[in-house]
Amino acid sequence: MKDAALSIEQLTVEVEGREILHNINLGMKLGETHVLFGPNGSGKTTLLMAIMGFPKYRITKGKIIFKGQDITKLPLDERARLGIGMSFQRPPVVRGVKMRDMVAACLKGQEHEERIGQLAEKADLVDFLDREMNYGFSGGEIKRSELVQLLAQRPTLALIDEPESGVDLVNIALIGELLNSLLEKDCPIPERKCMGLIITHTGHILDYVNARTGYVMCDGVIGCEGDSREILATIREKGYQECVRCFLRRAPGG
Amino acid sequence: MVEIISSKTHKDKARSAVAKPAAFGEDIDVSTYVDSTEGQPYQTDPSKLPAQAKERMLRAGVILDNPEQRAGTFIQIDNAPVHSSVRQEGVEVMSVSQALEKYNWLSDYWWQAVAVDTDKYTANVELNQYNGYFIRVLPGYKTIYPVQACLYLAKARIAQNVHNIIIAEENSELHIITGCTTASDEESGLHLGVSEFYIKRGAKVTFTMIHNWNPEVAVRPRSAAIIEEDGLFLSNYVLMKPVHSLQMYPTAKCVGENAVVRFNSVLIADAGSSLDVGSRAILDAKGSKTEIISRAITTGGNIVARGYIEGNASDVKGHLECRGLILTGEGMIRAIPELKGTLAGIDLSHEAAVGKIAEEEVEYLMARGLTRNEATATIVRGFLRVDIEGLPPLLSAELQRAIEASEKDIM
């Protein structure tokens, strides 16, 4: 894609010797939000983990170009420092490391005491700053804490894994607000400095966050690409079975 | 120096135990160390001590240059007390020999918490004892700042045998920082320290002990506390520097209703260090409580982390947590948590975990932009952070500083 800030070309990824993603192509410009739909086990999280650079997700073919740089071989932490951030669906508990420490680390040593407080307040997590990372956090608290870290980190590319899973209605509205703030939705598109790729299984998050493009992932490939709301409407009406059937009809030899 | 008068029975008992090996830890041949009785000049102003000694003491939490934030100070070099002073009313700090001269009643406390015939080390302290400290806070007095005590090994191959008595009278509050350290990084030495704590009804004692030894020093502390009704004993132990061999298993006995004891230890063993460190709580009175937390890291040394809680009265509650982290391919951590209950209606529990840093946690932090080293350091720092309930913020901050000062050595 021309002018793309993120360009994924023919990406093939294996995990523990098994090929999970096959020939993925995807492009995003700054200011855009894209959503990745797909049934469980279709490879959505694998794609995010591979973009983020987790060593277990081994890229065997293809490349990832981010801000004009081929990052395919770049380690995880260097990608993070280059401007890729991720909100995890199920982050690990890190005993002894407080949320305050994590947010401070995300702020990269800037003058941060005040900023940490502001961010925590925004996410209704002030009481969590001195708690151990993710220890005893509820589903909604985990999502909000992930987003607070990303708001501190301010990545150019935010990878958001299932922001609504395990979250009640009150929480999801707040999560929507945090995501909109992270993705600079209050700014005109040309002025935004960031972009987002959101995984959603149910699509509920689209009630709160606008996304330009949607993809349906089936069995490790991108089955279709189009208007995110149109895709969601089809999924809501006919379920993922229809996506899979449609995909198989079009697949070579299908 | 003043001869410490002990009753004949103590001496007799000690003599009978002089060859008795300890229940745990490598057997130390006490006779290979020097029993120095050499005097040291008394220092009215401890800031006049040599800069190198002050620097060493400072690293063990003992501040001599500007001790505004201390309620009192005691310093012993080898076997000679060189300074004792108080800055706060209601607090007494002196050498135990002075205290024995001053108070006839002190013999009522002598070897009452620790048995003199526990092992050869307690016996040796009784038979060849050269002082120690006496710290007491009078009824109802509450110290704001801690009393500091330093036991310092200066001479090569010295055996330092001390007997400390700590008394918190009814409804008092006492904070103590004890720093034990050496003048040299390589000379061998032996530190035998008996400490007996008497925490009276409604009194609160926090005791923070920082050990900075060297790879040739053997250490055998023998401590016990007796806690009366509504009393609180908070014992924190930090060992971040190499030591040849260290074994201790302090015991706290809750004898009064609703007495509380908490033990926190932070241990690091590098290659060549052998640690056998535990904490023991005996809950003998109704409603008494304990919490024992131990964090152990090996970068090549061996650690046995013990814990023991015994519940002998109704409504007692105890929890024991031993966590060990193996940072390199070498080294060993053995966690041995033990619980004993002798009646229904008690609530004792433990958790123990030994392992390496989870890769998943390191990568999680790396995804926030930290390098692998920074991520590992953050996790280790978190592991070592013990938030101690009831410890005044000042002490908490000092404890954290002592831990952080050594963190870079282990990374």
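Me: Is the crossing of H5(A) and H6(A) left-handed or right-handed?
Reply: In this predicted model, the crossing of H5(A) and H6(A) is left-handed.

Me: What makes H5(A) roughly parallel to H6(A)?
Reply: Helix H5 (residues 139–153) of chain A and helix H6 (residues 169–182) of chain A pack at an angle of about 15°, and their axes are 10 Å apart. Angles under 35 degrees count as roughly parallel, so H5(A) is roughly parallel to H6(A).

Me: Which residues make the contact between H5(A) and H6(A)?
Reply: From H5(A) come Gly140(A), Lys143(A), Arg144(A), Leu147(A), Leu150(A) and Leu151(A). H6(A) brings Asn171(A), Leu174(A), Ile175(A), Leu178(A), Leu179(A), Ser181(A) and Leu182(A). By class, this contact has 8 nonpolar, 3 polar and 2 charged residues.

Me: Why is Gly140(A) of that contact called polar?
Reply: Gly140(A) belongs to the contact, and Gly is among the residues that count as polar, so Gly140(A) is put in that class.

Me: Let's turn to chain B. Which element gives the most to the side of chain B that touches chain A?
Reply: That is H5(B), with 6 residues. The contact takes 18 residues from chain B and 20 residues from chain A. On the chain B side, the classes are 8 nonpolar, 4 polar and 6 charged.

Me: How far apart do the C-alpha centres of domain 1 and domain 2 of chain B lie?
Reply: They lie 24 Å apart. The domain assignment gives domain 1 as 8–362 and domain 2 as 363–411. Their contact takes 28 residues from domain 1 of chain B and 24 residues from domain 2 of chain B.

Terms used:
Residues numbered from 1 in each chain as written. Chains lettered and ligands numbered in written order. Predicted model: local features only at pLDDT ≥ 70, side-chain atom pairs only at ≥ 80, totals over all residues. Domains from an automatic or database assignment. Contact = placed C-beta atoms within 7 Å. Helix = DSSP H or I, 4+ residues; strand = E, 2+ residues; numbered from the N terminus. Axes fitted to C-alpha atoms, helices over the stretch in contact; angles between N-to-C directions. Parallel < 35°, antiparallel > 145°, perpendicular 65-115°, else oblique. Left-handed = near helix turned anticlockwise from the far one by under 90°.
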